[in-house]
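Let's take a relaxed look at one helix and at the charged pairs in this chain. Have the model open as you read.

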Amino acid sequence: MNIKKIFFFKISIIVYIFLFSLYFLHIYTLGDQKAYISFWNNIVEFNFIDGFSYYHAALSSYEIGYYSIVYLFSNILNLDKNIFISLSNVVLAFLVFKFFIINKVDKFLAFIFVISNFYILVLYFSAERLKFAIIFLLLVLLIKSKNLFYFFVPLSFHLSIAIIYVVTLSKEIIYNLLKFKIKKQALIFIFGLFFMFVLFNIQIFYKISSYWDTYGGPFEWIKTFIFYILVLLYTPKIKIFEVSCIFLTLSLFSIIVGDIRVNMFSYIFFLYYFIIYERVKSIPFLAIYFYFMIKGLFFLYQILLYGDGFANI
């Protein structure tokens, strides 16, 4: 019976998210989508090499992963953008739901999350490059691969995934630096991130300076710190150092680039810890869960009203 229920929810997600996405993508034509739609429609006029220069001019990005996948489906396969994005939304929703079920989250809570949570709606309809980065990151996590190469694939879609990696490694880096040693695998991964930093240094510095001027500031850490306090309420003593390293590193990123981007990552770690601690039915978790559900519904209302989910946010 439980298997049948899970199967029912999976089929429901596939059908609902696809149709739901098709409907809202026809309406969401302003904001970030204006640039993405223009890029998709115009890339057919370029070969692969020249198209990459246009890609940088249109989206201020050098990430080859997103460019390659768009070039393949738009230029070569000539697929309609809304259908392509709707299918990718189905994949994202399916992977998130699968991650929740594997970690014993209630099926109904998981289902409501993938159809109404604010941040997942942002990934469906606004943050396209980040969406594909998250999809490939989830694939790596779900197959439980230890091959470090696979962890660099999400970076080819959106460099901000490096924040997740740096934050995740922060405990080991800080702990081992205090003891003047570091594991070989972690060292290789750090050098890999450093190589990516060198390779995309112009874009990284441009993004950081842009976010710092627009969103950064000494009080941008507050929302991340709230997540930190809530997680600490249920953190065993043995995990306090790890949780503190992660959320304090996120707070530092919030100060530098602003909480507009980092909040999503803070929420991801908040979800992760409450799920592994099996506290998804606790009052703090449900309060945050319903807050972002209501915010998600308001996001959809903004799309219907203005053609942009962030029009008045």
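A salt bridge here means a side-chain nitrogen of Lys or Arg within 4 Å of a carboxyl oxygen of Asp or Glu. With that in hand, E242 and K239 qualify, since their closest N and O atoms sit 3.3 Å apart, inside the 4 Å limit. Keep in mind that this is a predicted model.

**The salt bridges**

How many salt bridges does a search of the whole structure find? The search turns up 3, and here they are:

| Acidic residue | Basic residue | Closest N and O atoms |
|---|---|---|
| E63 | R129 | 3.0 Å |
| E128 | K81 | 2.5 Å |
| E242 | K239 | 3.3 Å |

Start with the bridge between R129 and E63. This pair links distant parts of the chain, 66 residues apart: R129 belongs to helix α8, while E63 is in the loop between α3 and α4. Both R129 and E63 are buried.

Next comes E128 with K81. E128 lies in helix α8 and K81 in helix α5 (residues 81-102), so this bridge ties together parts that are 47 residues apart in sequence. Are these two buried or exposed? E128 has a relative accessibility of 1%, so it counts as buried. K81 comes in at 6% and therefore counts as buried too.

As for the bridge between E242 and K239, E242 is buried with a relative accessible area of 15%. K239, on the other hand, is partly exposed at 31%.

**A walk along α3**

Now for helix α3, which runs over residues 48-59. Its 12 residues reach 16 Å from the first C-alpha to the last, close to the 16 Å expected at 1.5 Å a residue.

Which residues of α3 are buried? They are G51, Y54, Y55 and L59. These four are on the same side of α3 because they cover an arc of only 110 degrees around the axis. Flip to the other side of the helix and you'll find I49, S53 and A57, which are exposed.

What do the buried residues of α3 pack against? Their partners are α2 (32-42), α4 (64-76) and α8 (128-143). Helix α8 is also where R129 of the bridge to E63 sits.

The two ends of α3 deserve a quick look as well. At the start, a side-chain oxygen of N47 comes to within 3.1 Å of the backbone nitrogen of I49. After the helix comes S60, which has a positive phi, near 50 degrees.

Conventions
Residues are numbered from 1 along each chain as its sequence is written. This is a predicted model: local features need pLDDT of at least 70, side-chain atom pairs count only at pLDDT 80 or more; totals for chains, interfaces and linings use all residues. Side-chain values use heavy atoms; hydrogens and water are left out. The expected span of a helix is 1.5 Å times one less than its number of residues. Buried means under 20% relative accessible area, exposed over 50%, partly exposed in between (1.4 Å probe, protein chains only). The arc is that of the directions from the helix axis to the C-beta atoms. Contact means heavy atoms within 4.5 Å. A polar contact is a pair of N or O atoms within 3.5 Å; within protein, one must be able to donate a hydrogen and the other to accept it, and residues adjacent in sequence count only if both atoms are side-chain atoms.
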